[in-house]
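Please work through the exercises below with the sequence and the structure side by side. Try each task on your own before you read its solution.

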Amino acid sequence: MKDVNYQLDECPVQKTLNLFQGKWNLRIIYELSKHESMRFGELKKAVPDISNTVLTSTLKALENQGLVLRQQFNEVPPHVEYSLTESAKALDKVFQTMREWGNRYL
């Protein structure tokens, strides 16, 4: 059984799936992929069923994973914008494939 777990840990598909664990991760990445950058309130409107606390913690987790960039603007009024990293932008092809599959089979 140890060999199977080791193989799963080394599998690139499994590693990718691990990044997207969580109810909101892919949805947030998808919404960000449609824009150059978004403010917290814009993301909240795009994903209305998510709470502020969960959105905040999910954005922090995605930032720690290197998928989301957080840029703080020290202006009046101050604000924060979120965008995707280059590696997360590469997921656009995955979303396009999912869209095509959904149009064909759903």
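The exercises that follow deal with confidence, the sheet, the salt bridges and one loop residue.

**Exercise 1. Confidence**

Find out how confident the predictor is in the protein chain, and which elements have the lowest and the highest mean pLDDT.

Solution. Begin with the fact that this is a predicted model, for which the protein chain averages a pLDDT of 90, while 92% of the residues score at least 70. Then turn to the elements, among which helix α1 (residues 2–10) has the lowest mean pLDDT, at 60, and β1 has the highest, at 98.

**Exercise 2. The sheet**

Describe the order and the pairing of the strands in the open sheet, and state which of the strands are edge strands.

Solution. The first step is to read the order of the three strands, which is β1-β3-β2, with antiparallel pairing. The next step is to look at the edges, which are formed by β1 (38–39) and β2 (68–73), since each of these pairs on one side only. The third step concerns β2 and β3 (residues 79–84), which run antiparallel and are joined by six bridges; a hairpin of five residues leads from β2 to β3. Two pairs of residues can serve to check the register: Val-68 stands opposite Leu-84 in β3, and Arg-70 stands opposite Tyr-82 in β3. Finally, place the helix that belongs to this picture, for α3 (residues 25–33) lies across β1, β2 and β3 and runs at about 95 degrees to β3.

**Exercise 3. The salt bridges**

Determine how many salt bridges the structure holds, and which residues are linked in a network of them.

Solution. The structure holds three salt bridges, and it is convenient to take Glu-31 as the starting point. Glu-31 forms a salt bridge with Arg-27, in which the closest N and O atoms are 3.1 Å apart; both residues lie in helix α3, four residues apart, or about one turn of the helix. Lys-34 also forms a salt bridge with Glu-31, and here the closest N and O atoms are 3.2 Å apart. Arg-27, Glu-31 and Lys-34 are thus linked in a network of salt bridges.

Now compare the accessibility of these residues. Glu-31 has a relative accessibility of 6% and therefore counts as buried, whereas Arg-27 is partly exposed, with a relative accessible area of 35%, and Lys-34 is partly exposed as well, with 45%.

One salt bridge remains to be described, namely that of Glu-86 with Lys-89, whose closest N and O atoms are 3.3 Å apart. Both of these residues lie in helix α6 (residues 86–89), where they are three residues apart, about one turn of the helix. Glu-86 is exposed, with a relative accessible area of 61%, while Lys-89, with 39%, is partly exposed.

**Exercise 4. A loop residue**

Locate Thr-85, decide whether this residue is buried or exposed, and list the residues with which Thr-85 is in contact, leaving aside its neighbours within four places in sequence.

Solution. Thr-85 is found in the loop between β3 and α6. Its relative accessible area is 11%, so Thr-85 is buried, the cut-off for this class being under 20%. As the last step, and leaving aside the neighbours within four places in sequence, the contacts of Thr-85 are found to be Gly-66, Leu-67, Val-68 and Leu-69. Of these contacts, Val-68 has already appeared in the second exercise, as the residue opposite Leu-84 in β3.

How values were computed:
Residues are numbered from 1 along each chain as its sequence is written. This is a predicted model: local features need pLDDT of at least 70, side-chain atom pairs count only at pLDDT 80 or more; totals for chains, interfaces and linings use all residues. Side-chain values use heavy atoms; hydrogens and water are left out. Two strands pair if DSSP finds at least two bridges between them. Contact means heavy atoms within 4.5 Å. Axes are lines fitted to C-alpha atoms, for helices over the stretch in contact, and angles run from 0 to 180 degrees between N-to-C directions. pLDDT is the predictor's confidence in each residue, from 0 to 100. A salt bridge is a side-chain nitrogen of Lys or Arg within 4 Å of a carboxyl oxygen of Asp or Glu. Buried means under 20% relative accessible area, exposed over 50%, partly exposed in between (1.4 Å probe, protein chains only).
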